[in-house]
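Work through the exercises below with the model open. Try each task before reading its solution.

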Amino acid sequence: YFISNMDKRDGHGFVTRVRGKDGVVDSLHFISGLNAPMGSRIKGDTLWLVDLTALKGFDVHSGKLLATIDLSSVHPLFLNDMAIGPDDDFYVTDTGYDSNFKHTGPDRIYHISKDRKVTVVLETPALDQPDGIDWDPQQHRLVLAPIGGDSVQELRPGAKAPTDIAPGAGRYDGIEIEKDGTILITSWNDSSVMSLRGHELTRRIG
């Protein structure tokens, strides 16, 4: 497991590696010198994570930096989480926080194409401060966990706005879609982990 540790956007952020078999910290500072490491995903032997104004790829075995995709051209405020799309592409959320962690907007989702072109997929207050994001291959959609709203959302390719699909505790954060289609979502409001099936959230841990 790889755990992001953010520290005031000042170059002191790092990633910790934890052994999956027993939960022992294998390397506290497996990757260091980061600005604001947040959401991450693994594809093959590469750990992809958002770090302030860039999406970066690291070797999961050595921690070596393999790639940097700069998003500064679209002027992001607070890159939060990322999803790996179906076409060797990426989606990244921008929660719209300033340097004092105050929400000022805009709320955005960015797309990074296979040829690494960065575009704004959607910019709207309806995103409710987008936080967690993951690609749902079974439903061919993005599932969104907004920290500012009380409903989990979906975004279909080409849609001009997200759709609320499951009301709940609100202040959502992490989201993970398992291979069997199970969708797990965390909530700050009640310190829980929930599963999403259809339009219903079920509390699993909390």
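## Exercise 1: around Val92

Task: list the residues that Val92 touches, leaving out those up to four places away in sequence.

Solution. Val92 contacts (heavy atoms within 4.5 Å) Val50, Leu79, Asp81, Met82, Arg108, Ile109, Tyr110 and Ile112.

The model is predicted: local features need pLDDT of at least 70, side-chain atom pairs count only at pLDDT 80 or more, and totals for chains, interfaces and linings use all residues. Numbering starts from 1 along each chain as its sequence is written, and side-chain values use heavy atoms, without hydrogens or water.

## Exercise 2: the core

Task: find which elements give two or more residues to the largest nonpolar core.

Solution. Start with the members. The core (buried nonpolar residues, under 20% relative accessible area with a 1.4 Å probe, joined through side-chain atoms within 4.5 Å) has 14 residues. Leu55, Ile69, Leu71, Met82, Phe90, Val92 and Ile112 touch the most other members. Next, the elements: β5 (46-51), β8, β9 and β10 each give two or more. β8 gives the largest share, 3 residues. Apart from this core lies another, of 13 residues, including Val152, Ala166, Ile177 and Leu201.

## Exercise 3: the sheet

Task: give the strand order and explain why β8 and β11 each have one side without a neighbour.

Solution. Strands are DSSP E runs of at least two residues; they pair if at least two bridges join them. The open sheet has 4 strands, ordered β8-β9-β10-β11, with antiparallel pairing. β8 (79-84) and β11 (118-123) are at the edges with a single partner strand each, so one side of each lacks a neighbour in the sheet. Inspect one pair: 5 bridges join β9 (residues 90-94) to β10 (residues 108-112). Tyr91 has His111 in β10 as its bridge partner.

How values were computed
Buried < 20%, exposed > 50% of the residue type's maximum accessible area, 1.4 Å probe, protein only.
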